[in-house]
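Please open the model in your viewer with side chains shown as sticks, and follow the selections below in order.

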Amino acid sequence: MKKINVKKGAVLQRKGDISSRVYLVESGLLRSYTIDEKGKEHIFMFGPEHWLVADSCEPNTPCQLFIDAIEDTIINIALKEDLLKEGPDLNALLRRLNTMQNRIIMLMSSNAKVRYEHFIKTYPNIIQRVPLKMVASYLGITPEALSRVRHELSLKK
(Lines give C-alpha, C1' and ligand atoms only; values in the text may rest on other atoms or scores of the structure.)
Protein backbone atom coordinates (compact mmCIF):
# COMPACT_ATOMS: atom_id res chain seq x y z
CA MET A 1 0.00 0.00 0.00
CA LYS A 2 1.12 3.52 -0.74
CA LYS A 3 0.48 6.18 1.92
CA ILE A 4 -0.39 9.71 0.77
CA ASN A 5 -1.66 12.96 2.27
CA VAL A 6 -4.75 14.38 0.60
CA LYS A 7 -5.92 17.96 1.05
CA LYS A 8 -9.54 18.80 1.87
CA GLY A 9 -11.54 19.01 -1.36
CA ALA A 10 -9.18 16.85 -3.41
CA VAL A 11 -10.99 14.51 -5.78
CA LEU A 12 -9.51 11.01 -5.80
CA GLN A 13 -11.90 9.53 -8.35
CA ARG A 14 -14.46 10.88 -10.80
CA LYS A 15 -17.44 9.11 -12.26
CA GLY A 16 -16.33 7.45 -15.49
CA ASP A 17 -12.70 6.94 -14.40
CA ILE A 18 -11.24 3.52 -14.95
CA SER A 19 -10.01 2.76 -11.45
CA SER A 20 -9.35 -0.25 -9.30
CA ARG A 21 -8.11 1.63 -6.26
CA VAL A 22 -9.13 1.03 -2.69
CA TYR A 23 -8.57 3.74 -0.10
CA LEU A 24 -8.00 2.86 3.55
CA VAL A 25 -8.43 5.96 5.67
CA GLU A 26 -5.73 6.35 8.31
CA SER A 27 -6.91 9.77 9.50
CA GLY A 28 -9.35 12.29 8.12
CA LEU A 29 -12.56 11.74 6.21
CA LEU A 30 -13.52 10.73 2.66
CA ARG A 31 -16.90 10.44 0.99
CA SER A 32 -18.16 8.67 -2.09
CA TYR A 33 -21.10 10.06 -4.02
CA THR A 34 -22.82 10.37 -7.35
CA ILE A 35 -24.32 13.37 -9.10
CA ASP A 36 -27.64 12.91 -10.88
CA GLU A 37 -28.68 14.43 -14.20
CA LYS A 38 -30.09 17.48 -12.38
CA GLY A 39 -26.72 18.14 -10.70
CA LYS A 40 -27.82 16.96 -7.25
CA GLU A 41 -25.27 15.08 -5.12
CA HIS A 42 -26.27 11.79 -3.51
CA ILE A 43 -23.79 10.60 -0.89
CA PHE A 44 -23.21 6.87 -1.00
CA MET A 45 -21.00 6.57 2.08
CA PHE A 46 -18.57 8.33 4.37
CA GLY A 47 -15.11 6.96 5.09
CA PRO A 48 -13.80 7.98 8.52
CA GLU A 49 -10.69 6.55 10.15
CA HIS A 50 -10.08 2.82 9.53
CA TRP A 51 -12.76 2.54 6.83
CA LEU A 52 -12.31 1.32 3.28
CA VAL A 53 -13.62 3.52 0.48
CA ALA A 54 -13.82 2.19 -3.06
CA ASP A 55 -16.09 1.97 -6.05
CA SER A 56 -17.34 -1.57 -6.56
CA CYS A 57 -16.90 -1.37 -10.33
CA GLU A 58 -15.29 -4.25 -12.19
CA PRO A 59 -11.72 -3.87 -13.47
CA ASN A 60 -11.52 -1.91 -16.74
CA THR A 61 -15.09 -0.67 -16.27
CA PRO A 62 -15.98 3.01 -15.73
CA CYS A 63 -16.62 3.87 -12.09
CA GLN A 64 -20.00 5.14 -10.95
CA LEU A 65 -18.86 7.19 -7.96
CA PHE A 66 -16.87 10.30 -7.16
CA ILE A 67 -14.56 10.02 -4.15
CA ASP A 68 -13.18 13.10 -2.43
CA ALA A 69 -11.72 14.32 0.84
CA ILE A 70 -13.97 16.21 3.25
CA GLU A 71 -10.99 16.92 5.50
CA ASP A 72 -7.22 16.79 5.11
CA THR A 73 -6.76 13.03 5.06
CA ILE A 74 -4.03 10.43 5.19
CA ILE A 75 -4.91 7.39 3.11
CA ASN A 76 -3.30 4.14 2.13
CA ILE A 77 -3.95 3.29 -1.50
CA ALA A 78 -3.98 -0.20 -2.90
CA LEU A 79 -5.09 -1.74 -6.14
CA LYS A 80 -7.97 -4.18 -5.73
CA GLU A 81 -5.84 -6.86 -7.36
CA ASP A 82 -3.05 -6.31 -4.81
CA LEU A 83 -5.49 -6.58 -1.91
CA LEU A 84 -6.70 -9.90 -3.18
CA LYS A 85 -3.11 -11.16 -3.31
CA GLU A 86 -2.25 -9.84 0.17
CA GLY A 87 -5.57 -10.73 1.71
CA PRO A 88 -7.99 -7.92 2.49
CA ASP A 89 -8.56 -6.37 5.90
CA LEU A 90 -11.61 -8.49 6.60
CA ASN A 91 -12.82 -6.37 9.52
CA ALA A 92 -12.84 -3.20 7.40
CA LEU A 93 -14.40 -5.04 4.47
CA LEU A 94 -17.13 -6.63 6.59
CA ARG A 95 -17.89 -3.28 8.27
CA ARG A 96 -18.25 -1.66 4.83
CA LEU A 97 -20.54 -4.43 3.54
CA ASN A 98 -22.64 -4.39 6.71
CA THR A 99 -22.99 -0.61 6.54
CA MET A 100 -24.09 -0.73 2.91
CA GLN A 101 -26.59 -3.54 3.54
CA ASN A 102 -28.11 -1.73 6.53
CA ARG A 103 -28.28 1.51 4.58
CA ILE A 104 -30.11 -0.09 1.67
CA ILE A 105 -32.64 -1.64 4.02
CA MET A 106 -33.07 1.69 5.84
CA LEU A 107 -33.64 3.62 2.60
CA MET A 108 -36.26 1.10 1.51
CA SER A 109 -38.21 0.95 4.73
CA SER A 110 -37.48 3.64 7.34
CA ASN A 111 -38.64 7.17 8.00
CA ALA A 112 -36.28 10.14 8.29
CA LYS A 113 -36.02 9.94 12.10
CA VAL A 114 -34.97 6.29 12.07
CA ARG A 115 -32.50 6.96 9.25
CA TYR A 116 -30.90 9.81 11.20
CA GLU A 117 -30.66 7.76 14.41
CA HIS A 118 -29.01 4.97 12.44
CA PHE A 119 -26.57 7.46 10.88
CA ILE A 120 -25.55 8.63 14.37
CA LYS A 121 -24.91 5.01 15.44
CA THR A 122 -23.02 4.16 12.25
CA TYR A 123 -20.86 7.28 12.19
CA PRO A 124 -20.73 8.51 15.82
CA ASN A 125 -17.57 10.53 15.34
CA ILE A 126 -18.35 12.46 12.18
CA ILE A 127 -21.64 14.27 12.81
CA GLN A 128 -19.71 17.39 13.86
CA ARG A 129 -17.26 16.99 10.98
CA VAL A 130 -19.59 17.15 7.98
CA PRO A 131 -22.05 19.81 6.82
CA LEU A 132 -25.68 18.95 7.54
CA LYS A 133 -26.50 19.15 3.81
CA MET A 134 -24.15 16.16 3.32
CA VAL A 135 -25.88 14.27 6.12
CA ALA A 136 -29.25 15.00 4.49
CA SER A 137 -27.91 13.81 1.13
CA TYR A 138 -26.68 10.58 2.70
CA LEU A 139 -30.07 10.04 4.34
CA GLY A 140 -31.96 10.75 1.12
CA ILE A 141 -33.92 13.63 2.67
CA THR A 142 -33.95 17.40 2.30
CA PRO A 143 -31.94 19.62 4.65
CA GLU A 144 -35.27 20.99 5.91
CA ALA A 145 -36.51 17.50 6.81
CA LEU A 146 -33.22 16.84 8.61
CA SER A 147 -33.65 20.07 10.57
CA ARG A 148 -37.15 18.97 11.66
CA VAL A 149 -35.85 15.54 12.74
CA ARG A 150 -32.97 17.07 14.70
CA HIS A 151 -35.36 19.52 16.38
CA GLU A 152 -37.78 16.71 17.29
CA LEU A 153 -34.97 14.62 18.79
CA SER A 154 -33.59 17.59 20.75
CA LEU A 155 -36.99 18.03 22.44
CA LYS A 156 -36.81 14.46 23.74
CA LYS A 157 -33.50 15.05 25.54
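Begin by selecting Arg129, which at 23% relative accessibility counts as partly exposed, a term that covers the range between buried (under 20% relative accessible area) and exposed (over 50%), taken with a 1.4 Å probe and protein chains only. This is a predicted model, in which local features need pLDDT of at least 70 and side-chain atom pairs count only at pLDDT 80 or more, while totals for chains, interfaces and linings use all residues. Residues are numbered from 1 along each chain as its sequence is written, and side-chain values use heavy atoms, with hydrogens and water left out.

Keep Arg129 selected and add Glu71: their side chains form a salt bridge with an N to O distance of 2.8 Å, the term meaning a side-chain nitrogen of Lys or Arg within 4 Å of a carboxyl oxygen of Asp or Glu. Because Arg129 lies in the loop between α3 and α4 and Glu71 in the loop between β7 (66-69) and β8 (73-79), the pair ties together parts that are 58 residues apart in sequence. Helices (H or I, at least four residues) and strands (E, at least two) are DSSP runs, numbered from the N terminus.

Next add Glu49, whose side chain meets that of Arg129 in a salt bridge at 3.2 Å, N to O. Here Glu49 sits in the loop between β5 (41-47) and β6 (52-54), 80 residues apart from Arg129, and Glu49 is partly exposed, at 28% relative accessible area.

Now move to Lys3 and Glu26, a salt bridge whose closest N and O atoms are 3.1 Å apart; this pair links strand β1 (residues 2-6), which holds Lys3, to strand β3 (residues 21-27), which holds Glu26.

Finally, select Arg31, Glu41 and Asp68 together, since a network of salt bridges links them.
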